[in-house]
Amino acid sequence: MMIREVPQNFKLTYSQEDIAYRVYKMAGQMRHWVKDAQVNDGQQVLAICILRGGVFFFADLLKQIPYTVEPSFCRAMSYSSESNTQSEEFRLVVEPAEMKGRHVLLVDDICDSGKTLKHLHAYALENGAKMVKTAVLIHRNHAASVYTPDYIGFEYTGTEWFAGYGMEDKNHNSNFPEVYTIPCQ
Ligand SMILES: O=P(O)(O)OC[C@H]1O[C@H](OP(=O)(O)OP(=O)(O)O)[C@H](O)[C@@H]1O
Ligand SMILES: Nc1nc2[nH]cnc2c(=O)[nH]1
């Protein structure tokens, strides 16, 4: 196995095994909703990956769901890669597949301020989605959050910055397979 060079300030927070277990449990929680959408509606759930950060979680989650779902993608941006800080501007760069009349599942790595999911949830409804559910690996608990996802892998209380499993530290190390926390500078 190749040795990974982990920056000194990175603290291992969720191992690959921790993540795999939570992803498996989450797929179990949503399986009835996914099946019912198909049976009652005759249409599979449209699962939308929120790029870039959601990519690893999306792939792992969809592989654990035991019924058909249709993958789709959108690209949402609000954090600066240079500084790890959020700007007021929210940009949707890639639009997902047609959502009209569909059961939609929005999938992202983290819900932090909640602004990204709040925007996208509203966007899906405006575009005719019949029902919208949201899934994240990590939900940061804080009073100012504007959104609570339906499916949550880990609840986290604290201000540390996350990196790994899709989450970047100033545009680096998002491909680490575990989740790390970095003390706030
Ligand atoms: O709950 P919020 O405070 O809105 O933060 C969550 C969003 O922040 C990150 O995306 P980012 O804007 O950094 O884009 P990226 O996924 O391309 O890194 C992350 O992937 C979520 O989409
Ligand atoms: N990489 C990363 N992206 C985020 N987007 C919102 N919060 C975070 C975080 O803690 N880490």
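Below is a chat about a predicted model and its two ligand shells, a helix pair and some backbone details.

Biologist: What does the chain average in pLDDT?
Modeller: The average is 93. As for the spread, 98% of the residues score at least 70. Keep in mind that this is a predicted model.

Biologist: And what ipTM does the predictor give the complex?
Modeller: The ipTM is 0.98. The pTM is 0.95.

Biologist: OK, ligands. Which residues come nearest to ligand 1?
Modeller: Gly-53, Tyr-79, Asp-112, Ser-113 and Thr-116 do, out of 18 residues around ligand 1.

Biologist: Which elements give two or more residues to that shell?
Modeller: Strand E3 (69-79), strand E5 (103-111) and helix H3 (115-126).

Biologist: How does the shell around ligand 1 split by class?
Modeller: It has six nonpolar, six polar and six charged residues.

Biologist: Now ligand 2. Which residues surround it?
Modeller: Tyr-79, Ile-110, Asp-112, Trp-161, Phe-162, Ala-163, Met-167 and Glu-168. Tyr-79 and Asp-112 are also among the residues that come nearest to ligand 1.

Biologist: Which strand gives the most to the shell around ligand 2?
Modeller: Strand E8, residues 161-163, with three residues.

Biologist: How many polar residues are in that shell?
Modeller: There are no polar residues around ligand 2. The shell has six nonpolar and two charged residues.

Biologist: Changing topic: helices H1 and H2. At what angle do they pack?
Modeller: About 55 degrees, with the axes 9 Å apart. H1 covers residues 16-41, and H2 covers residues 55-64. The two helices are therefore oblique to each other.

Biologist: Is the crossing left-handed or right-handed?
Modeller: H1 passes H2 in a right-handed crossing.

Biologist: Which residues meet there?
Modeller: From H1, Val-23, Tyr-24, Met-26 and Ala-27. They meet Asp-60, Leu-61 and Gln-64 of H2. By class, the contact of H1 with H2 has five nonpolar residues, one polar and one charged.

Biologist: Backbone next. Which peptide bond is cis?
Modeller: The bond from Leu-51 to Arg-52 is cis, with omega near 5 degrees. Arg-52 sits in the loop between strand E2 (45-51) and H2.

Biologist: What about Lys-170: is its phi positive or negative?
Modeller: Positive, near 45 degrees, and Lys-170 is not glycine. Most residues other than glycine have a negative phi, and most peptide bonds are trans.

Biologist: Where does Lys-170 lie?
Modeller: In the loop between E8 and strand E9 (179-182). E8 is also the strand that gives the most to the shell around ligand 2.

Note on methods
Residues are numbered from 1 along each chain as its sequence is written. Chains are lettered from A and ligands numbered from 1 in the order in which they are written. This is a predicted model: local features need pLDDT of at least 70, side-chain atom pairs count only at pLDDT 80 or more; totals for chains, interfaces and linings use all residues. A residue is near a molecule or strand if its C-beta atom, placed from the backbone, lies within 6 Å of it. Helices (H or I, at least four residues) and strands (E, at least two) are DSSP runs, numbered from the N terminus. Ala, Val, Leu, Ile, Met, Phe, Trp, Tyr, Cys and Pro count as nonpolar, Asp, Glu, Lys and Arg as charged, and the others, Gly among them, as polar. pLDDT is the predictor's confidence in each residue, from 0 to 100. Axes are lines fitted to C-alpha atoms, for helices over the stretch in contact, and angles run from 0 to 180 degrees between N-to-C directions. Angles under 35 degrees count as roughly parallel, over 145 as roughly antiparallel, 65 to 115 as roughly perpendicular and the rest as oblique. A crossing is left-handed if the near helix is turned anticlockwise from the far one by less than a right angle, and right-handed if clockwise. Two residues are in contact if their C-beta atoms, placed from the backbone, lie within 7 Å.
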